[in-house]
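Visitor: Can we go through the inside of this one? I'd like to start with the empty spaces.

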Amino acid sequence: MNDQRDLSFWKLWNLSFGFFGVQIAYALQSSQVSRIFSTIGADPHELSYFWILPPLMGLIVQPIVGSASDRTWNRLGRRLPYLLIGALIAIVVMCFLPNAGSLGLGISQAILFGLVMLMLLDTSINMAMQPFKMLVGDMVNEKQKGLAYSIQSFLCNAGSVVGYIAPFVLAWFLSNTAPAGEVPPTVTWAFYIGAFILALCVLYTFIKVREMPPAEYAAFHNINLEEKKEKKGDGNILRLLVKAPAVFWTVGLVQFFCWAAFLYMWTYSTDAVAYQAFDAPAIQTVSGVTINGTDYNDKFIFNNERPVIENGRLSFAGIEIDGSFASPSTVVVNGDTLVAGGLPVVNGGVAKFDVNGGELASAGASLVVDGQHYIVEESAVSVPELARINGSTVLTMAHMANIDKGTGKYVLEQTSSLPAVSSPDEITLNYNTILNSSSAAYQAAGDWNGILFAVQAIAAVLWAVVLAGVRRRKPAYSLSLLIGAVGFISVFFIHNQYLLFVSYALMGCAWAAMLAMPFTILTNALSGGNIGTYLGLFNCTITIPQIVAALCGGAILHCFPAASNGAPLTVGMLVVSGVLLILGAAAVWIIKETFASQEHKS
């Protein structure tokens, strides 16, 4: 590489400034997506599976984008066109994702819609993020790359802080609760604001950054264009993998442990914080039924067209007053409205009475049912649809059920018939216990989780400054990961929301090293001709660990005992993250740094 040209600080700043907006979007995704899916109605044991599609798409898209951008030369630039496409998709998706539970869809449909949006968001964010890493590799000499990636790390973490604290700050102005199954306005508007800032940052990048034309780029990277034309197969991905420097693979091994660790943090941190520091209440959901000794576990069970079990909840059929059944639209007990529109009234995310069947008024209580006044003589109880099963009942199990807006009837998908039963006594309910994601405590924990992630990002900014001045990268890299491991494991022992600042600050040290060290070490070992392709391939060391971790997350969580309130012990997954970082810290010492400038390049 030709080292004669140094860039000014502000040119280095402009190369990475757009990362600020991209990282706001990424921070909102990492800190709020599990909260969104939990609020819609997802089971904690399924949360990690929702994170499989995004890295899977990245595994496919990123090498293609990297290779294609190596061969793109037009008036918009070489890398910038891909930034534009990725950012535009991300902006649109950010306006839809938090509304997944507010579009009038059934729970399964809302989760499926959210999954598609998450897949598109993660892919587009990575598509917008990669060009900034490639721009540094394209336009910065080896002497300045450490500074350039440190600036990028600073802007990355500054954007993270904004994204992480946005819901918490917006809670001063907007409601932090919403009807069951819907995301609070604090989260929705955080995504809207993030999309707006992303648009401004992309516009700034296009105004301030001018990529090198082909001839200047070739001269800067000592590439002989004529020889390059004669060579065939240089852009073949498999050929490049075979020729990849050893540092590509050794740094990739470290990446595997690091990104698996942080995938578990993004997935389980909200639940862990809600349990550890906010005492979020637990609720029981129905996971299925047992009939004649056989388990039937799926999300929906119907009695003809009436739901008996609907996505983990027993369906409310009505009330029984002194032995007489009614299916009323409104019920008022002693002046307190318990049923409105045929559904239980929810207070703080919890129904005011037991919809599974239980007393809602005792003898002497005053009831107003659909405007008619009663004095209860014995008792009034809630009646689940399950209690109405009789000899003529035909039960159907469905994996998905959604209401047709035209007819108002349920449309069932992936159905199967259940054995005939003549009474509720022939059915045994199987339960799961999870944290109540609609409760005020859980939503407060969701906001606080953003604050903790912001603390992590601020610590990462400060630690990145320290790393920028360190010449011996491997000891600094390994030490940073060990510090992060201590942060992850310490969460298990902390029950104070403010003491968690220390844990997440320590995690930030690992995050800072993960953002700066791998790309500095790798790009120093690469020649200019295929930097984009190699960085696209290197992104697989980010996506593959996440895919593996997501596939294993549910099974690992099942290995932990239940928490004291019966909910899954999700904080145990952060301990797993700590162990993974310890393994990553050990793997750092396998890396042997090389420098392309010291080798012959053609």
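Visitor: What volume does the largest cavity have?
Guide: About 130 Å³, in what is a predicted model.

Visitor: Which residues are closest to its centre?
Guide: Tyr26, Met129, Lys133, Trp259 and Ile542, out of 16 residues that line the largest cavity.

Visitor: And which elements give two or more residues to that lining?
Guide: Four are listed: α1 (9–40), α4 (107–139), α13 (500–524) and α15 (540–558).

Visitor: How does the lining split by class?
Guide: Nonpolar residues number nine, polar five and charged two.

Visitor: How many cavities of 30 Å³ or more are there?
Guide: Six. The second largest has a volume of about 60 Å³.

Visitor: What lines that second one?
Guide: Phe19, Lys133, Tyr149, Gln152, Ser153, Cys156 and Leu515. Helix α5 (residues 142–170) provides the largest share, four residues. By class, the lining has four nonpolar residues, two polar and one charged.

Visitor: Switching to packing. How many residues are in the largest nonpolar core?
Guide: The count is 136, and the residues with the most contacts inside this core include Phe262, Trp266, Tyr477 and Tyr504. Helix α10 (residues 246–278) gives the most to the core, 21 residues.

Visitor: What does Tyr504 touch?
Guide: Leaving aside residues up to four places away in sequence, Tyr504 is in contact with Met265, Ser269, Val273, Asn449, Leu452, Phe453, Gln456, Val491 and Leu574.

Visitor: Which residues does the second core include?
Guide: Ile291, Leu314, Ile389 and Leu395 are among its 16 residues, and this core is separate.

Terms used:
Residues are numbered from 1 along each chain as its sequence is written. This is a predicted model: local features need pLDDT of at least 70, side-chain atom pairs count only at pLDDT 80 or more; totals for chains, interfaces and linings use all residues. Side-chain values use heavy atoms; hydrogens and water are left out. A nonpolar core is a set of buried Ala, Val, Leu, Ile, Met, Phe, Trp, Tyr and Cys residues joined through side-chain atoms within 4.5 Å. Buried means under 20% relative accessible area, exposed over 50%, partly exposed in between (1.4 Å probe, protein chains only). Contact means heavy atoms within 4.5 Å. On a 1 Å grid over the protein atoms alone, a cavity is a set of points where a 1.4 Å probe fits but cannot get out, and a pocket is an open set with protein on both sides within 12 Å along at least five of seven lines; lining residues have an atom within 4 Å of a point. Grid points are joined across faces, edges and corners, and a volume is the space filled by probe spheres set on the points. Ala, Val, Leu, Ile, Met, Phe, Trp, Tyr, Cys and Pro count as nonpolar, Asp, Glu, Lys and Arg as charged, and the others, Gly among them, as polar.
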